[in-house]
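Visitor: I am new to this structure and would love a close look at a single part of it. Could you take one chain and walk me slowly through how its pieces are put together?

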Amino acid sequence: MRTVRPLRFLGATALATLVMITFAPVAAGAGPAPEPSAPRTEVSVSSVDLDGPAVSTVKVTVKNTGPQRMRSLKVSFAGPVGWAVQPALTSVPGTFGVGATTAAEFRVQVPGKREGFTLRTFTATATYAGGDGAGSATATRTETNGAPLANLAAAYNNVGITDEGETGPGDYDGEGNSFSAQKLAAAGLEPSGRVEALGAELEWPGVSPGAKDNVAGAGQAIALSGRGGKLVFLGSGVTGGATGTATVYYTDGSSTSGSFGFPNWSFDPADAHGATLVASTDGRNRPDGYGNAGIAYRVFAHSVALDATKQVEFVVLPSNRNVHIFDMAIAS
Amino acid sequence: MPGIPAVSRRLLLGGALATGAVAVGAGPAQAKSAAQGSALPSPSPRRGKGQRPMFDVPFDIHETVRVGVIGIGNRGSGMGEGWAVVPGCRVTAVCDIRESRAKALADRIVALGKPRPAEYGGSTDAYTTMLKRDDIDLVYIATPWEFHHRQSRDALLAGKHVVVELPVATELDELWDLVDTSERTRRHLMLSENCSYGRNELAMLKMAHEGLFGDVTNGHGGYLHDLRDLLFSDTYYTDSWRRKWHTRSTASFYAMHGLAPVAAAMDINRGDRMTVLRATATEPKGLADYRERFIDRSHPSWKETYVNGDLVTCLIDTAKGRVIRAEHDVSSPRPYSRINSLAGSRGIFEDYAGTSSTGGRIYVEPDHSGHSWRDFDSYRKEFDHWLWRKIGDDAANNGGHGGMDYVLQWRTVQLMRAGLVPDIDVYDSAAWCSPVPLSVKSLAAGGRPVEIPDFTRGSWVNLRMGLDSRETDMPPVA
């Protein structure tokens, strides 16, 4: 789990801003390593005008909180992938005494606003000699617009379960195949049925066979409330590489992120990516009807760690459509 | 129109040598290696004393945009009427060496219920008389390519803004001259690049800015249009001017319709720039074969020898490490395409390839997986440019080329009436047209890479607004 702590939180009904600061390891030759409790270099990213299309100016501020003068300061800045930034890296001339603050300006090509929920992340990294001796410090600013989807069901975008008598709507794997509702029931997975896994109480999708019943991961933001030690996902993978990162945002503006993966619903070892087998069904529904009897098609559970001291606000699912999720729930 | 000006030595050399170069041309790996290390230099003259850039220079506000038209062939005729119907625009003068064409256009403009424009013609320099009028704000030029530079330059020097058809000039020194003349006169020159206002092209641009393709790494565009019947027509291109270019040079004459939208999506001159070009050309087979099959032996074309390769391909590197492939082919049997494709670390868009109503197809992560194309329709709808949402219906009713012409004309008039910065400036125009002379140079050198001049003189690093503009209204017409 990668943890970031909030520097400050600016909230609004339509636009929320999350600012975080993290620290990178000491760069070689950058000076002595700081004491664990020593003040760290502070990097902050100004607000970004996202009323595009526009070219917006962003200010990155660096404060030398270390015991030494800061020198050879370079600041890099990046926006969301594909966004043009000018410059990507700049050198800040001079040296900076203890407590001194300096700033660098960047320009970013902001696209037009999109409908729905958007989450834009901006990252500034300062590298330097002296100062706190750490060699580098990074700040991340995340700006959100709109509201996350109300629940996972609102994000359903895939038909993973069909009736053996009507397999046509199914397309769990992109090739028209799907779980058999009858075989799932035989394995204990029925609509709206309770599923316990990894300490979480989950629910099997309460929809009829042939309806959209799961989420193929595409970075969807889903509202979720509660506290706990981990977030458990119920699902399985298709094709290969069904892995990704889930990022959990808390009500205080901070976030944690963790990687997880599911085995392929059929051919991977059941413990691939560290997943836990929940249920195994016999065969699958193909476009021309039930088939592949004798081959197991499976559902797994996996989890990412949470900061148990904080209240969860929403979750951003992995941006990988090979990861299929039937439900998610917080566990202690 | 008068006889075509003398063929330049550079163009002739390019044509003569390029044909042989094709057979012995270097392979892709060799070409890439050469491109990185030994590009042929191209001149980049310093900015003249007292000369200032035209970046972010807004138009003076014009309550009515008064247009003078030079060149009333097929293109100028249609566009001449197009200018007349844009709100707040008036065609005040029209000029063609054939006076009858000027009169015919004036008649059609009157038939549209508009004031009759003044008519000029009868000589090659009749347009210079027209340029003396003080009721012209914008000159639109649609003459054969060989006249574009001189007429554009004269119009700028007469204090007019200029919209000129492709290409704005065919020689490198002419392109530089137009940049310098625009900067000296403080008048804008804009390539009449209607395809940059295409609905799919603009959506592709907005998607690139959104980051849907991830970090954009490559794009392909071109002008692939079977013009053989028109090239051999005795009436379509006056004095067969366009076919005659194929007797003079091996060059990418007209790839801008495909190159410009890709360049816009890569923010060329607005954060990136084209640095190196290398060209290949196939053998010139198409026109001679067509003539053999369809053209009577008494036709004057039988005295011609065609030297331009049917398919001329330019590979263009950018400062940010991207690659653009720009193609030109007007002499082969094939359906129309501008290719119009853009790709990056997270996906790809291809135009002219799908079966959807938009004609495009797409594959972007994380929206898509499974190695299969998806329809572009929903993306075109989401990323539809405000110009098409606002005036798309008018464009469909008034404009040629699927409405792109009207969108370009409406937007140009709006920019001038509202006092805004042009979407396409002289630097874009010069850069997009530079493959014409640079392809000649590359092919003459056996496909060697050649430097693409930086017409911005270093300012390409600055992010600037362009075709991905903010929505604004057309000022009301009194």
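Guide: Happy to! A word on terms to begin with: a helix here is a DSSP run of H or I with at least four residues, a strand is a run of E with at least two, and both are numbered from the N terminus. Please keep in mind that this is a predicted model.

Let us look at chain B. Chain B falls into two domains: domain 1 is built from the pieces 10–41, 197–386 and 427–461, while domain 2 covers 65–195. The centres of the two domains of chain B, taken over C-alpha atoms, are 26 Å apart.

The UniProt record can be laid over this chain as well. An unreviewed entry places "domain: Glycosyl hydrolase 109 C-terminal" on residues 202–375 of chain B. That span is 21% helix and 27% strand, and 17 Å separate its end C-alpha atoms. Another annotation from an unreviewed entry, "domain: Gfo/Idh/MocA-like oxidoreductase N-terminal", covers residues 65–190 of chain B. Residues 65–190 of chain B are 44% helix and 22% strand, with the end C-alpha atoms 15 Å apart.

Now for the place where the two domains meet. Here 24 residues of domain 1 of chain B are in contact with 20 residues of domain 2 of chain B. On the domain 1 side, the elements giving two or more residues are helix 10 (241–245), helix 11 (256–265), helix 16 (426–433) and helix 17 (435–444) of chain B. Helix 16 of chain B supplies the largest share of that side, 6 residues. Sorted by class, the domain 1 side has 16 nonpolar, 5 polar and 3 charged residues.

Helix 16 of chain B deserves a closer look together with helix 7 (residues 172–185) of chain B: their axes come within 10 Å and cross at roughly 180°. These two helices of chain B are therefore roughly antiparallel to each other. Helix 7 of chain B brings Leu175(B), Leu178(B), Val179(B) and Ser182(B) to the contact, and helix 16 of chain B brings Val426(B), Tyr427(B), Ala430(B) and Cys433(B). Of the residues in this contact, 7 are nonpolar, 1 is polar and none is charged.

Helix 7 of chain B also packs with helix 6 (residues 148–157) of chain B, at an angle of about 10° and with the axes 9 Å apart. That angle makes helix 6 of chain B roughly parallel to helix 7 of chain B. Among the residues that meet are His149(B) and Arg153(B) from helix 6 of chain B, and Glu174(B) and Asp177(B) from helix 7 of chain B. The classes in this contact are 3 nonpolar, 5 polar and 3 charged.

One more helix pair is worth a visit. The axes of helix 3 (residues 74–85) and helix 4 (residues 99–111) of chain B come within 10 Å and cross at roughly 35°, and the crossing is right-handed. Ser77(B), Gly80(B), Glu81(B) and Ala84(B) of helix 3 of chain B meet Leu105(B), Arg108(B) and Ile109(B) of helix 4 of chain B.

Finally, chain B has a partner. Its contact with chain A takes 26 residues from chain B and 22 residues from chain A. Helix 8 (residues 199–210) of chain B gives the most to the chain B side, with 4 residues. That side has 7 nonpolar, 9 polar and 10 charged residues.

Notes: Residues are numbered from 1 along each chain as its sequence is written. Chains are lettered from A and ligands numbered from 1 in the order in which they are written. This is a predicted model: local features need pLDDT of at least 70, side-chain atom pairs count only at pLDDT 80 or more; totals for chains, interfaces and linings use all residues. Domain bounds come from an automatic or database domain assignment. Two residues are in contact if their C-beta atoms, placed from the backbone, lie within 7 Å. Ala, Val, Leu, Ile, Met, Phe, Trp, Tyr, Cys and Pro count as nonpolar, Asp, Glu, Lys and Arg as charged, and the others, Gly among them, as polar. UniProt positions are given in the numbering used here, feature names are shortened, and annotations may be inferred rather than shown by experiment. Axes are lines fitted to C-alpha atoms, for helices over the stretch in contact, and angles run from 0 to 180 degrees between N-to-C directions. Angles under 35 degrees count as roughly parallel, over 145 as roughly antiparallel, 65 to 115 as roughly perpendicular and the rest as oblique. A crossing is left-handed if the near helix is turned anticlockwise from the far one by less than a right angle, and right-handed if clockwise.
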